[in-house]
Amino acid sequence: MDANRRQSGIQQLLAAEQEAQQIVNAARAAKSARLRQAKEEAEREIAEYRAQMEAEFQRKVAESSGDSGANVKRLEEETATKIEQLNQQAASISPEVIQMLLRHVTTVKN
């Protein structure tokens, strides 16, 4: 009987070991599946974040290029105004400058 009980105990230990191995294998498979799922979720979040950042970048580029056109137009207007002011100033003092130059050119010193 003692041999039968030992054999039965060994069989129970082997069965328990197989059951434990199945539990470990199932846990490994579940861990692997969860890691795969976490990786997919992370990749999806990264793709969404990248799309958001790209959209924001494109919006800022569009805004700055739109402002650039407005800035160019404003600068052109300011430049035209400054040129007109300089032309008016030159026209107002031009006769005096011409007289001064003629006086110096035509005056002979001994």
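Visitor: What is the relative accessibility of K60?
Guide: This is a predicted model in which local features need pLDDT of at least 70, side-chain atom pairs count only at pLDDT 80 or more, and totals for chains, interfaces and linings use all residues. Residues are numbered from 1 along each chain as its sequence is written, and side-chain values use heavy atoms, without hydrogens and water. Buried means under 20% relative accessible area, exposed over 50%, and partly exposed in between (1.4 Å probe, protein chains only). K60 counts as partly exposed because its relative accessibility is 46%.

Visitor: Which residue forms a salt bridge with K60?
Guide: A salt bridge needs a side-chain nitrogen of Lys or Arg within 4 Å of a carboxyl oxygen of Asp or Glu. Here the closest N and O atoms are 3.5 Å apart. The two residues sit four apart in helix α1, about one turn of the helix. The partner of K60 is E56.

Visitor: How many salt bridges does a search of the whole structure find?
Guide: One of them is the E56 and K60 pair. Another joins R34 to E41. E78 also forms one, with R74. The search of the whole structure gives three.

Visitor: How far apart are the closest N and O atoms of E78 and R74?
Guide: E78 and R74 are four residues apart in helix α1, so about one helical turn separates them. E78 is partly exposed because its relative accessibility is 41%; R74, at 40%, is also partly exposed. Their closest N and O atoms are apart by 2.9 Å.

Visitor: What is the N to O distance in the salt bridge of R34 and E41?
Guide: R34 has a relative accessible area of 44%, so it is partly exposed. E41 is partly exposed too, because its value is 28%. Their side chains meet at an N to O distance of 4.0 Å.

Visitor: What percentage of residues 28–59 is helix?
Guide: The unreviewed UniProt entry annotates residues 28–59 as "coiled-coil region". UniProt positions follow the numbering used here, feature names are shortened, and annotations may be inferred rather than shown by experiment. In the model, the end C-alpha atoms of this stretch are 46 Å apart. Strand makes up 0%, and helix makes up 100%.

Visitor: Which helix holds S8?
Guide: Helices (H or I, at least four residues) and strands (E, at least two) are DSSP runs, numbered from the N terminus. The protein chain has one helix and zero strands. S8 falls within residues 2–106, which form helix α1.

Visitor: What is the radius of gyration of the protein chain?
Guide: The secondary structure comes to one helix and zero strands. For 110 residues the globule rule gives 13 Å; the chain is well over that, so it is more spread out than a compact globule. The radius is taken over C-alpha atoms, and the rule is 2.2 Å times the number of residues to the power 0.38. The value for this chain is 46 Å.

Visitor: What box do the C-alpha atoms of the protein chain fill?
Guide: S8 and E78 are 70 residues apart in sequence. From C-alpha to C-alpha, they are 102 Å apart in space. Taken along the principal axes, the box is roughly 150 × 35 × 10 Å.

Visitor: What percentage of the residues count as buried?
Guide: S8 is partly exposed, because its relative accessible area is 37%. V97 is also partly exposed, at 35%. Of the 110 residues of the protein chain, the buried share is 0%.
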